[in-house]
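Welcome! Please open the structure in your viewer and switch to a cartoon display, and we can walk through it together.

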Amino acid sequence: MDKNEIKAILKDWNDWEGQQDIGTVRSAYLDRLESLIAGSNQVITITGPRRAGKTYLMRQMARRLSDKGIRKENILFVNFEDPRFSSLDTKVLAQVYDVYKGFSSPTDTPYIFLDEIQEVTGWEKWVRTMHELRKAKLIVSGSNAQLLSRELGTLLTGRHIDLTVFPLSFAEYLTFNKMEVNGAFGVLGKTAEIDGLLHKYIEAGSFPEVALSVKKTEILLNYFDDLLTKDLLKRFRIRKTPVMKALIKYYLSNAANLVSFTSVGKSLQANPHTIEKFSGYLEDVYLIFLLKRFSYKVKEQEKSPRKIYGIDTGLCNSLGFRFSENIGRLAENIVFLILKRKQILNPQIELFYWKNVQHHEVDFVIKGRLDVTSLIQVCWNMRDEKTKNRELRSLQKAMKELKVDKATIITEDEEGEEKPNGFTVKTVPLWKWLLAEEGVVIS
């Protein structure tokens, strides 16, 4: 590429001659990224689903560095999805770096942000060389879990730290909708508005751009097309496109349900081995998550059906669900996503569902390093006595077997505490539980 073309691209993405839009700040992720950069000399890899906010997070970090005294000329941001890059390989990376040095003349070790780095063929070797020669502090992002774990694990062993970015939590969603909630007085008089936003959050999902737009379904369908063509078909060279499309729709239509590769294969008239392979691809790009059944025997875990969850309830609604008929399952999906975020931050946490031979079932089992620490059941409507007794019975069975004396039922709006047979079961509305998990004090 011509160096003037590269210079024009870089000027458009950096703050050298003006300030770029950095969007709404997501403080929790930004603070964590800052601590990783300050506390380590390793390559920082930011991964997560497409459109979850990785680009804006990197731009927010670049701005924060500048605000804290780092010269703008010592910061470089490159977005490799910019269509003006005619070819993407290590030669272009070297050219970008040379043009940057010639144009900006950095006076110290530069901070280099490389966004959607998976678009560049052979990028790993260039990053490793730059890191080993200590020519830059490197922060890279990508939308593919396999890319930034398996491949980096091989090429950058011991040289990288991961930060996984998910779509908005409910607390962030409230912030994006200009509602600040903290402390009992912060909630006072706002419960109806919070409940209304919760229903929108469940229905339209939590991608940042969707939260700020009125054309929610249109944006979600565009996301799906991008994910399918760029992250799946292109990345994994998939030829059986109809099978992949059908599998995605099947999974997102069955969020919070039990599935097996054999049963899905029969339903879609596809080979179970193909279903298993494609399911792995969908997990790699963060579209779905497959939750295993709790068992102390690994063989039983592997043989049992998985529970399926999607990255975003808005996508589930756009591609498969009817919102009003499936709000309970969507609420369960949202609870899973919060628990998954916690698991990523603390790898010692393990997450399962529980089911016994009598078909009593508990949605979530959270296990620490040695023991099960908590049980969570999601039941949107507990007003029916039979439903309430069924949920309590399942929890009691699991609590007795797993030696746990406390559990939680998450509902739409009910709150209280039951003590069946010496166990303690707390009932809490979904919005309160979500905010509490984010550290928001509301009582």
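This tour of a predicted model visits a sheet and then a pair of helices.

**Stop 1: the sheet.** Start by colouring the strands. You will find an open sheet of five strands, paired in parallel and ordered S2-S3-S4-S1-S5. Which strands sit at the edges? Select 75-79 for strand S2 and 160-164 for strand S5: each of these edge strands pairs on one side only. As you rotate the view, note that neighbouring strands are turned against each other by 15 degrees on average, direction ignored.

**Stop 2: inside the sheet.** Now select residues 111-115, strand S3, together with residues 137-142, strand S4; four bridges join this parallel pair. Show the side chains of Ile-112 in S3 and Leu-138 in S4, which stand opposite one another.

**Stop 3: a helix on the sheet.** Next, add residues 90-104. This is helix H4, which packs on the sheet and touches S2 and S3. Its direction makes about 145 degrees with that of S2.

**Stop 4: two crossing helices.** Finally, select residues 241-253 (helix H12) and 272-284 (helix H14). Their axes lie 11 Å apart, and the helices pack at an angle of about 70 degrees, so H12 and H14 are roughly perpendicular to each other. The crossing of H12 past H14 is right-handed. To see where they touch, show Val-243, Met-244, Leu-247, Ile-248 and Tyr-251 on H12, then Thr-274, Ile-275, Phe-278, Ser-279, Tyr-281 and Leu-282 on H14. How do the residues of this contact divide into nonpolar, polar and charged? Nine are nonpolar, two are polar and none is charged.

Note on methods: Residues numbered from 1 in each chain as written. Predicted model: local features only at pLDDT ≥ 70, side-chain atom pairs only at ≥ 80, totals over all residues. Heavy atoms only, no water. Pairing = 2+ DSSP bridges. Axes fitted to C-alpha atoms, helices over the stretch in contact; angles between N-to-C directions. Contact = heavy atoms within 4.5 Å. Parallel < 35°, antiparallel > 145°, perpendicular 65-115°, else oblique. Left-handed = near helix turned anticlockwise from the far one by under 90°. Nonpolar A, V, L, I, M, F, W, Y, C, P; charged D, E, K, R; others polar.
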